[in-house]
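Biologist: Before I rely on the words used for this complex, I would like each of them set against its definition. Could you take me through them?

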Amino acid sequence: MDRTGRFTTLAGGISVGSEKITAGTLSGIFIDLTDGREVLVSNLHVFEGEPGKTVILQPGRHPDGGRKPDDIVGILKRYVPLRETKPPLWRRIICHLFGWLLGDWCLSSPEPNLVDVACAEFWPYKHRGLVRGVYLDDGRILYPGKTHPGDGIDGARVWKSGRTTGVTIGTVLSDSVTLKVWYGDRFLVFGDQILVEGVSDHGDSGSPVFLMSGDSPSPGDALVGILFAGSGGFYVACKWKWVRELLKIEWLRE
Amino acid sequence: MTLDRKVRKILDKLLMEPGVSGYSVKNGVITIFVEDDEMLATLSSLSFAGYKMEVKKIGRIQML
């Protein structure tokens, strides 16, 4: 199955992106806990833009060929802002001058980020359908009907469904890692993340990650996080518990 | 300040060093994740009293 094409039925695991970026992966269709409506979800760096103004394309713009207005499927609704790693200038000056006196206060780093996520209102230019669940490599849509907060899963087997590398199975190396992630022009620090040994590549950002209950993807699996970064043989997912709490969305069907 | 918190502050500083990708502290084990073999060799002799140390190469983590 070519995940970079145009889909009339939207579900997790296919190409998507804001008009400002190249292409990432649609995490899936979720429920917005603030108003009960269905929303499209991916990473903030995939849905980058201005809420209420920036449109979301399926497939993503480049290299997948998504264009305005035919491929518009939504409009950015909200996101969880990303915190910069560098302390503010005033704090750096104080620590430069009085660091010998202030000790630990100057040693402390800024609060780490917990998620890289955003949601978009479903607002298609042409007819598109929404289905809860995620595309498998053979084109079927699977709906794993559980969620897992993301704690206590060291060594567990997980799978993800992404635009570029499709469904891949991996192993959780750590469920509480603090990481420095390169965003093209700067590093951002993330805390309490899931680090997985598994295959991913550019364009997989936004892939939903599931905790496996058997040997292959199944309806009994649980959504555990959303992939946003990686390094070839390893990838990082923000935990479902933080995504739910900070973006205020729900995966489960009523 | 607890030992874990003190160690985390030191690890937060270490994280800002080029070549260090991340760290985790769990059940008395500190794991430092690094970008390359050079940093792996540099940090392999690092030790923290009261903790078991591991250093693992995972490459540079970047948005995908």
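Modeller: What follows is a set of questions about terms, each answered from the model.

Biologist: What should I know about the numbering and about the kind of model this is?

Modeller: Residues are numbered from 1 along each chain as its sequence is written, and chains are lettered from A and ligands numbered from 1 in the order in which they are written. This is a predicted model, in which local features need pLDDT of at least 70 and side-chain atom pairs count only at pLDDT 80 or more, whereas totals for chains, interfaces and linings use all residues.

Biologist: How do you know that chain A and chain B are in contact?

Modeller: Two residues are in contact if their C-beta atoms, placed from the backbone, lie within 7 Å, and by that rule 28 residues of chain A are in contact with 17 residues of chain B. On the side of chain A that touches chain B, S13(A) gives the most, with eight residues. That side divides into 11 nonpolar, 13 polar and four charged residues, where Ala, Val, Leu, Ile, Met, Phe, Trp, Tyr, Cys and Pro count as nonpolar, Asp, Glu, Lys and Arg as charged, and the others, Gly among them, as polar.

Biologist: What makes S13(A) and strand S1 of chain B a pair?

Modeller: Strands are DSSP runs (E, at least two residues; helices are H or I, at least four), numbered from the N terminus, and two strands pair if DSSP finds at least two bridges between them. Two bridges join S13(A) to S1(B) (residues 20-26), and the strands run antiparallel, so the pair meets the criterion of at least two bridges. Leu179(A) has Gly22(B) in S1(B) as its bridge partner.

Biologist: Why is strand S7 of chain A called mostly covered?

Modeller: A residue is buried if 20 or more other C-beta atoms lie within 10 Å of its own, exposed if 12 or fewer, and partly exposed in between, with C-beta atoms placed from the backbone; in S7(A) (residues 72-79), seven of its eight residues are buried. S7(A) pairs in the antiparallel sense with S6(A) (residues 55-57) over three bridges and with S8(A) (residues 118-122), also antiparallel, over five bridges. Leu57(A) stands opposite Ile72(A), while Leu76(A) has Ala120(A) as its bridge partner in S8(A).

Biologist: How do you know that the largest nonpolar core lies between the domains of chain A?

Modeller: A nonpolar core is a set of buried Ala, Val, Leu, Ile, Met, Phe, Trp, Tyr and Cys residues joined through C-beta atoms within 7 Å. The largest has 77 residues, of which Leu40(A), Ile56(A) and Val117(A) touch the most other members, and S16(A) gives the most to this core, with seven residues. Domain 1 (9-81 + 115-132) and domain 2 (144-250) of chain A both give residues to this core, so it lies between them; the domain bounds come from an automatic or database domain assignment. Leaving aside neighbours within four places in sequence, the contacts of Val117(A) include Val41(A), Tyr79(A), Ile226(A) and Leu247(A).

Biologist: Why does the radius of gyration of chain B agree with a compact globule?

Modeller: The radius is taken over C-alpha atoms, and the globule rule is 2.2 Å times the number of residues to the power 0.38; for 64 residues that gives a value near 11 Å, and chain B has 12 Å, which agrees. Of the residues of chain B, 27% count as buried, and its secondary structure comes to two helices and four strands, following the pattern α-β-β-α-β-β along the sequence.
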